Amino acid sequence: MPRLRTLFCFFLLFIASPLEASVEIALKGQSPVVIDEIYLREGVSYLPADDALEAINLQGDWDSVEHVYRIKTPRGTAVISPGSRYLRLGERFVPLEHPPRFLDGRLRVAEDLISRHLPSLLRLPVYYRNLNPTTVSTQGEESSLDRLFAFLLRKKKPADNGSSLRGVAIDPGHGGQQDPGAIGPGGIKEKDAALEVSIKLQKQLKMRLGIPVFISRDGDYALDREQRLKPATHPEADALILLHAQASFREEPRGVTLFIRPFEENPEEGDRDESVRLATHIREAMETADLEVDGIIQAPLLPLGRGNLPTVLIEMGYLTNTEDRQMLQNPEEQQKLAEAIFEGLETFAERQEKTQ
Ligand SMILES: [Zn+2]
């Protein structure tokens with residue numbers, strides 16, 4: 001038994017190195033290309049985007065200004081970006097379970113993008129085989145580029161003025177012509193739903209708590225990364241709410257999903273991340289308002305950043321689900337959502353006062 005265990009440990013050590021895993025990719029009628037540089041993260045194989053695309057006769061380019069990766073396809077340009085859970089092709093948004101990420105200096109995509117999403121989207125006859133399929137989960141070191149993309153959101157110790165929630169930062173997702181976000185049947189756009197609920201939430205916070213709100217956009221325009229981040233870095237921003245809506249291939253998925261950054265990314269001790277508490281209060285308020293909540297998910301998503309600023313990304317529902325879509329389009333329902341988020345924030349602030 002001890003020997004077996006030793007062997008297993010070695011296996012774990014080696015599995016983290018990229019050279020131990022490889023995949024075979026081919027377009028129908030062509031000889032397969034073997035890609036060795038596979039990184040395993042949380043049981044998912046990540047392939048270098050450039051190499052994997054080349055194997056299926058596509059070409060991608062990193063745009064360092066917009067922080068997106070554009071893939072030229074016979075059906076138009078597909079766009080992905082590190083940390084983003086969508087692939088956009090024209091007006092279509094394809095949800096990705098595993099966002100692309102920078103690992104060891106290169107943009108890498110999860111294997112299902114090459115084996116499943118691109119083939120079905122482009123009707124490409126792709127042959128794909130993982131030569132070392134494994135479900136071993138590894139926690140590798142992240143590269144400096146990973147760190148560069150995962151910005152730090154730091155909350156300073158609350159001021160001694162008695163108020164624990166001095167101000168709230170809100171980021172309505174997407175915006176502008178280039179970035180409508182997800183689009184649902186009938187043309188409903190994620191960017192519009194996100195903005196409507198954000199403005200209503202802003203009003204609630206100002207009216208009922210009388211605190212300042214720092215909002216990344218108050219109209220339909222595009223933002224660069226700095227502009228999007230600016231409200232959250234305001235010294236008085238004690239919480240950050242990011243509002244989005246999602247899309248699915250199927251009609252059935254529905255409900256609100258709350259995303260927070262993973263606990264293990266918590267900074268030093270005594271400096272705890274209060275995101276889970278904030279998300280829990282928001283979920284409770286939503287359930288009280290009879291809104292369907294799917295759950296609270298810990299995810300290493302780019303917009304959640306790192307640090308200790310209580311941050312919740314709210315996917316307010318599915319634009320591809322009839323009931324959710326009606327809710328996200330209806331001003332009264334938007335108001336209900338905004339009020340539930342407000343109440344979650346209010347409870348979060350009250351409880352914080354009690355514990356201090
Ligand atoms: Zn979004």
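**Figure 1. Helix α3 across the five-stranded sheet.** In this predicted model, helix α3 lies across β6 (68–73), β7 (76–80), β8 and β9, and runs at about 25° to β8. The sheet underneath is an open one of 5 strands, with the order β5-β6-β7-β8-β9 and antiparallel pairing. At its edges stand β5 (59–63) and β9 (92–95); each has a single partner strand, so one side of each is left without a neighbour in the sheet. From one strand to the next, the twist averages 25°. Zooming in on one pair, β8 (residues 86–89) and β9 run antiparallel and are joined by 4 bridges. Look for Arg 88, which stands opposite Phe 93 in β9.

**Figure 2. The three-stranded sheet, with α3 again.** Here's an open sheet of 3 strands in the order β2-β1-β12, again with antiparallel pairing. Which strands stand at the edges? They're β2 (33–35) and β12 (126–130), and because each has a single partner strand, one side of each is left without a neighbour in the sheet. The twist averages 20° from one strand to the next. Between β1 (residues 23–27) and β12, which run antiparallel, there are 5 bridges. One residue pair to pick out is Val 23 and its bridge partner in β12, Asn 130. Helix α3 (residues 111–122) packs on this sheet too, touching β1 and β12, and its direction makes about 155° with that of β12.

**Figure 3. The zinc site.** Three protein donors hold the view together: His 174 through NE2, Glu 190 through OE and His 244 through ND1, lying 1.9 to 2.1 Å from the zinc ion. Along the sequence, the donor residues are spaced H-x15-E-x53-H. Glu 190 and His 244 link distant parts of the chain: Glu 190 is in helix α5 (residues 190–209), His 244 is in strand β16 (residues 240–246), and the two are 54 residues apart. Both Glu 190 and His 244 are buried. His 174, on the other hand, sits in the loop between β14 (168–172) and α5. Is His 174 buried or exposed? His 174 counts as buried because its relative accessibility is 13%, and the cut-off for buried is under 20%.

**Figure 4. Two residues with positive phi.** Most residues other than glycine have a negative phi. His 174, the zinc donor from the previous view, has a positive phi of about 65° although it isn't a glycine. Asp 290 also isn't a glycine, and it has a positive phi of about 65°. You'll find Asp 290 in the loop between α7 (275–288) and β18 (293–298). With a relative accessible area of 71%, Asp 290 is exposed.

**Figure 5. Glu 315 and its surroundings.** Glu 315 has its place in strand β20 (residues 311–318). The relative accessibility of Glu 315 is just 1%, so this residue counts as buried. What joins the side chains of Glu 315 and Arg 85? It's a polar contact of 3.0 Å. Leaving aside neighbours within four places in sequence, Glu 315 is also in contact with residues including Tyr 86, Gln 246, Thr 257 and Phe 259. The zinc donor His 244 is another residue in contact with Glu 315.

**Figure 6. Met 316, next stop on β20.** Met 316 is found in strand β20, and with a relative accessible area of 0% it is buried. Beyond its neighbours within four places in sequence, the contacts of Met 316 include Ala 193, Ala 194 and Val 197. Others among them are Leu 243, His 244 and Ala 245, along with Met 327 and Leu 337. Leu 328 is in contact with Met 316 as well; the two are 12 residues apart in sequence and 7.9 Å apart in space, C-alpha to C-alpha.

**Figure 7. Whole chain and low-confidence stretches.** The protein chain has 9 helices and 20 strands, and buried residues make up 53% of its 356 residues. Of the contacts between residues at least 6 apart in sequence, 70% join residues at least 24 apart. The mean pLDDT is 82, with 83% of residues reaching 70 or more. Over residues 1–19, pLDDT stays under 50, and the model has 13 contacts beyond four places in sequence for them. The stretch 134–149 also has pLDDT below 50, with 35 contacts in the model beyond near neighbours in sequence. Where pLDDT is low, the predicted coordinates shouldn't be read in detail.

How values were computed. Residues numbered from 1 in each chain as written. Predicted model: local features only at pLDDT ≥ 70, side-chain atom pairs only at ≥ 80, totals over all residues. Heavy atoms only, no water. Donors = N, O, S within 2.8 Å, 3.2 Å for Na, K, Ca; no water. Buried < 20%, exposed > 50% of the residue type's maximum accessible area, 1.4 Å probe, protein only. Polar contact = N/O pair within 3.5 Å; in protein donor to acceptor, adjacent residues only side chain to side chain. Contact = heavy atoms within 4.5 Å. Pairing = 2+ DSSP bridges. Axes fitted to C-alpha atoms, helices over the stretch in contact; angles between N-to-C directions. pLDDT = per-residue confidence, 0-100.
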